[in-house]
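Got your viewer open? Here is a short walk through this structure, one selection at a time.

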Amino acid sequence: MKRLSWPRWMPIDPYVLLLLGTVGLAALLPARDTAADVASGASTAAIAFLFFLYGARLSTREAVDGLRHWRLHVTVLACTFAIFPVLGLAARGLVPVLLSQPLYQGLLFLTLVPSTIQSSIAFTSIARGNVPAAICAGSFSSLIGIVLTPLLAAALLGGDGGGFSADSAVKIVLQLLVPFLAGQLLRRWIGPFITRHKKILGLVDRGSILLVVYTAFSEGMVRGIWHQVSAARLAGLLAVEAVLLAMMLLLTWYGAKALGFRRGDRIAIQFAGSKKSLASGLPMASVLFGAHASLAVLPLMLFHQMQLMVCAVIAKRRAHDPQAQEADAAPPTAGAARSRPAVRTRNPAG
């Protein structure tokens, strides 16, 4: 079967361009007064609908089957929800030299967000790794993150001006967890419809996130939050995120080797354990941070594009490793046949 390919030149993710365009629109024409109330209500509904779709798409059977490879999934979860947050807490020492306090809060929130699904699968496939493991690892991370990310935010940001409160906890339950569980319960009946209309619902997903971004950045503009950010602070944030990504890529690759994982599993661990989900993080930030969401999501948006560009290069290099060539030349086994099925995905953004 034809293997997933990646363009030779390094593109900027088109969806990131749309996000930046939405930020520009919010800067020029922010929603005010009645328009702001309408946008806020529509954003709340969009977030609930997003997590309803997330729940309806997650196959419980696939998740249960994936538990057989529990060591790999525990490793990815430890990277996503333990090592990442520890590095985020360590970055506190960079305030106020490189980072302002609001940008640091956004960076710390970035480290609490679950891993991606689509990009983990895409890059693992390109690098000729264990694709089913990447599918399950990304799914588990997204599922657990719905509960764990808000809890970690309460513990690490609650007393630091992060905007988390008891009211935020109620919003998390009503806007994220309840729709997600409803999607899981109704999956039996609406699953075929979602499968048939996957492309259309994917556009709804992305359109909903654009609405969330517009609402958050509009509120930030009206409140004058963006006057707190300078070019020097943004440069410092990019430098810190580059170091953070490099550390996680090295830790996931060599740490998985030290734990005795094979090459295909190490690839899945590296790509699933080193990335953060823009699709999950943006709606969560909107619920958790409210008026401060615009600054909170800025580090996540920048990290998202950085991880795509860097991981694209790594995936292409992994595909040409001598071990990859030997694996392709070796006779297929039942386990190997399952480890690299054909994967079709339009965009590695997740």
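Start by selecting C79, I83, F84 and L87 in helix α4, then add L244, M247, M248, L251 and T252 in α10: these two sets of residues meet each other. Colour them by class and you'll get eight nonpolar residues, one polar and no charged ones in this contact. Keep in mind as you click around that this is a predicted model.

Now show the two helices whole. Select residues 70-90 for α4 and 231-258 for α10. Their axes lie 11 Å apart, and the packing angle is about 135°. That angle is why α4 counts as oblique to α10. Turn the view so that one helix lies over the other, and you're looking at a right-handed crossing.

**Zoom out**

Switch to a cartoon of the whole protein chain. How many helices and strands does the secondary structure come to? There are 15 helices and zero strands. Of the 350 residues in the chain, 51% are buried. If you turn on the surface, its accessible area is about 16400 Å², and carbon and sulfur atoms account for 66% of that. Contacts reach along the sequence too: taking those between residues at least 6 apart, 88% join residues at least 24 apart.

**A second helix pair**

Next, select residues 263-273, which is helix α11, and residues 293-319, which is helix α13. Here the axes come within 12 Å and cross at roughly 175°. The two helices are therefore roughly antiparallel to each other. To see who does the touching, show side chains for R263, I267, Q270 and F271 on α11, plus C311, I314, A315, R318 and A319 on α13. This contact has six nonpolar residues, one polar and two charged.

**One residue to finish**

Stay on α13 and pick P299, which sits in that helix. Is P299 buried or exposed? With a relative accessibility of 0%, P299 counts as buried. Leaving aside residues up to four places away in sequence, P299 touches L103, G106, L107, L110, L237 and E241. Pick E241 from that list and draw a distance between the C-alpha atoms: P299 and E241 come out 7.9 Å apart in space, although 58 residues separate them in sequence. E241 also takes you back to where the tour began, since helix α10 covers residues 231-258.

Technical notes
Residues numbered from 1 in each chain as written. Predicted model: local features only at pLDDT ≥ 70, side-chain atom pairs only at ≥ 80, totals over all residues. Heavy atoms only, no water. Axes fitted to C-alpha atoms, helices over the stretch in contact; angles between N-to-C directions. Helix = DSSP H or I, 4+ residues; strand = E, 2+ residues; numbered from the N terminus. Parallel < 35°, antiparallel > 145°, perpendicular 65-115°, else oblique. Left-handed = near helix turned anticlockwise from the far one by under 90°. Contact = heavy atoms within 4.5 Å. Nonpolar A, V, L, I, M, F, W, Y, C, P; charged D, E, K, R; others polar. Buried < 20%, exposed > 50% of the residue type's maximum accessible area, 1.4 Å probe, protein only. Areas by Shrake-Rupley, 256 points an atom, 1.4 Å probe, with all protein chains shown as cover.
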